[in-house]
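Reader: Could you walk me through this one before I head back to the bench?

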Amino acid sequence: MAMEFDLIPFDTRVEENGEGEKVDVSATSTRTFFCVMVITAQIEQESIDVSIWGSTDGENWGTHPILKLPQQFYRGQTRAVLELVLRPEVKFIRARWDLNRLGLHLEEVPAMPQQVSPASVGSVS
């Protein structure tokens with residue numbers, strides 16, 4: 001029977017960076033998984049980065065993900081294939097997510113003392 005599981009349960013409300021529970025994938029026969037990330041709601045000016053991490057022992061997760069999904073800004077689905085055939089050492093996987101709240105602040109720059117006349121700016125000697 002094919003393995004099927006949620007690394008992030010459907011309708012999870014993500015309000016800060018985090019990571020999901022580890023899942024033992026050592027019993028998989030194909031070591032290939034079709035991943036579907038579904039975003040049902042979002043806050044304006046916010047994006048999410050989701051990645052999948054692999055581990056040999058379920059404790060040490062390394063420094064780089066084994067799959068990184070494209071950064072998402074809007075509701076919808078993102079699909080990817082997680083291929084573990086060339087990573088036989090990976091026995092456990094888990095999801096990690098990072099929220100990025102965006103903003104843009106403008107502040108007027110105080111007037112600078114004018115040291116150059118406007119007429120001399122355009123002339124070249």
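Author: What follows covers the overall fold, the largest pocket and one residue in a loop, and please keep in mind that this is a predicted model.

Reader: Fine, so how many helices and strands are there in the protein?

Author: The protein has one helix and seven strands, and reading from the N terminus the order is β-β-β-β-β-β-β-α. Among contacts with a separation of 6 or more, 78% are between residues 24 or more positions apart.

Reader: And what share of the residues count as buried?

Author: Of the 125 residues, 29% count as buried, while the protein exposes about 9600 Å², with carbon and sulfur atoms supplying 53% of that area.

Reader: Switching topic, how much space lies in the largest pocket, and which residues lie nearest its centre?

Author: The largest pocket holds about 1200 Å³ of space; its lining is made up of 46 residues, and those nearest the centre are I8, P9, V36, M37 and V38.

Reader: Which strand gives the most to that lining?

Author: That is β3, with eight residues, and β3 (32-39), β4 (46-55) and β7 (92-101) each supply at least two. By class, the lining has 30 nonpolar, nine polar and seven charged residues.

Reader: One last thing, T28: where is its place, and is T28 buried or exposed?

Author: T28 sits in the loop between β2 (23-24) and β3, and T28 counts as buried because its relative accessible area is 13%, under the 20% cut-off.

Reader: What does the side chain of T28 reach?

Author: The side chain of T28 reaches the backbone nitrogen of R31 at 3.1 Å. Setting aside neighbours within four places in sequence, T28 is also in contact with M3 and F33.

Definitions and conventions. Residues are numbered from 1 along each chain as its sequence is written. This is a predicted model: local features need pLDDT of at least 70, side-chain atom pairs count only at pLDDT 80 or more; totals for chains, interfaces and linings use all residues. Side-chain values use heavy atoms; hydrogens and water are left out. On a 1 Å grid over the protein atoms alone, a cavity is a set of points where a 1.4 Å probe fits but cannot get out, and a pocket is an open set with protein on both sides within 12 Å along at least five of seven lines; lining residues have an atom within 4 Å of a point. Grid points are joined across faces, edges and corners, and a volume is the space filled by probe spheres set on the points. Helices (H or I, at least four residues) and strands (E, at least two) are DSSP runs, numbered from the N terminus. Ala, Val, Leu, Ile, Met, Phe, Trp, Tyr, Cys and Pro count as nonpolar, Asp, Glu, Lys and Arg as charged, and the others, Gly among them, as polar. Buried means under 20% relative accessible area, exposed over 50%, partly exposed in between (1.4 Å probe, protein chains only). A polar contact is a pair of N or O atoms within 3.5 Å; within protein, one must be able to donate a hydrogen and the other to accept it, and residues adjacent in sequence count only if both atoms are side-chain atoms. Contact means heavy atoms within 4.5 Å. Accessible areas come from the Shrake-Rupley method with a 1.4 Å probe; for residues, only the protein chains shown count as cover.
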